[in-house]
Amino acid sequence: MVRSLLGIFLAVLLLCGAAVFETRYVDAQFSAFGGEIESLAQKVEGERAEPSDAEAVRRSWETRKSSLHVWIPHNDISRVDDILAEAAGLIAEENFPLAAAKLEVLRSICRTVPGTYRPLLENIF
Amino acid sequence: MTLVIIRTAIIFFTLLLLMRLMGKRQIGEMQPFELVITLLIAELICIPMADTSIPLLYGVVSVVTIFILHGLVMLADLKLKPLKSLISGKPSLVINKNGIDDYQLKKNNLDVTDLIGSLRAAGYFSLDGVNYALYESNGTFSALPREDYEAAQDSLPLVIIDNGCFDEKNLAVAGLSRPFFEDVLRRQGVKTHKRVLVMTADGTGKIYLQIKGEKYRTFRVSYPGGRTW
């Protein structure tokens, strides 16, 4: 009986801790990445962006995604990979209007993806 | 391919640990909530095991959640008696000294044929061979035989009337006709076969008859042409 209660209590603690950590961690990661995308987008809008800027953002994303793989479906991560690669290619070609459009999509992903993992009614159902 | 193998191994060991913590009941006779848990675990495990786009953590978290729910329901089942019948159900006494309790059968979505099948599986071939019979809350069937139940079982009884309807197949097996049994019923004071809950006949001429809402009765008849089986 005591062992059962202890087991349940520890499992609840573990799950709650993991849930809180996941929400905060995913929020923080996408918030920081969103900031980097914002800076790159401003340079693209001013037509000042260099391929090295895009490459720096990609390297930062590569570091983040290796830990994000544990917490969120890999399809979400793949989506960011694809769009970021397209944006980097367009910046290298100095096609700034299209690159800006791609970066706008990434801004939207950074705003919406963390929200899809919060315990909200629309997410539960 | 390697990914699926490694993920499957991790899930397998997690599941094994949780099953050991849950105890032998999970692999023995199950209460309804235990069956739900067993089915759920199988479903929850399959998806992250085979789909590498889903984090393995999702499968582990689901199973740990099931473990917590199982623990809470088990505690409620053991400690809170009013909740016990809600969670696990209650045994249903389907045969008593008056015969078959049709209300209990219907409550459990069973009929006389199911009951007779359960009796046979338990080793009792006559409805009057047992004093009491129950369906337990985990679905198993148990019966208390009469002291002389072996003497009561000397031929295979066939169901002739089941809930007001003649069983044509068994009539053909017995080689007897509807008019014969309608005459038997009239002599017992039963005007129509539709009032009969169950009527069985064995090869020696023993009839078990229970009218709806009444106690059962047994009596002997002689079959035409000296028929037996």
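**Exercises on a two-chain predicted model**

In this predicted model, 14 residues of chain A are in contact (C-beta atoms, placed from the backbone, within 7 Å) with 13 residues of chain B. Residues are numbered from 1 along each chain as its sequence is written, and chains are lettered from A in the order in which they are written. Local features need pLDDT of at least 70, side-chain atom pairs count only at pLDDT 80 or more, and totals for chains, interfaces and linings use all residues.

**Exercise 1.** Find which helix of chain A gives the most to the side that touches chain B.

Step 1. Helices are DSSP runs of H or I with at least four residues, and strands are runs of E with at least two, numbered from the N terminus.
Step 2. Helix 1 (2-45) and helix 3 (74-92) of chain A each supply at least two residues of that side.
Step 3. Helix 1 of chain A gives the most, with 7 residues.

**Exercise 2.** Determine how the buried residues of helix 3 of chain A are placed around its axis.

Step 1. V80(A), L84(A), A87(A), A88(A), L90(A) and I91(A) are buried (20 or more other C-beta atoms within 10 Å of their own; exposed means 12 or fewer).
Step 2. They cover an arc (of directions from the helix axis to the C-beta atoms) of only 160 degrees, so they are on the same side of helix 3 of chain A.
Step 3. On the other side of this helix, N75(A), S78(A) and D82(A) are exposed.
Step 4. The cover over the buried residues includes helix 1, helix 2 (51-68) and helix 4 (96-112) of chain A.

Notes. Contact = placed C-beta atoms within 7 Å.
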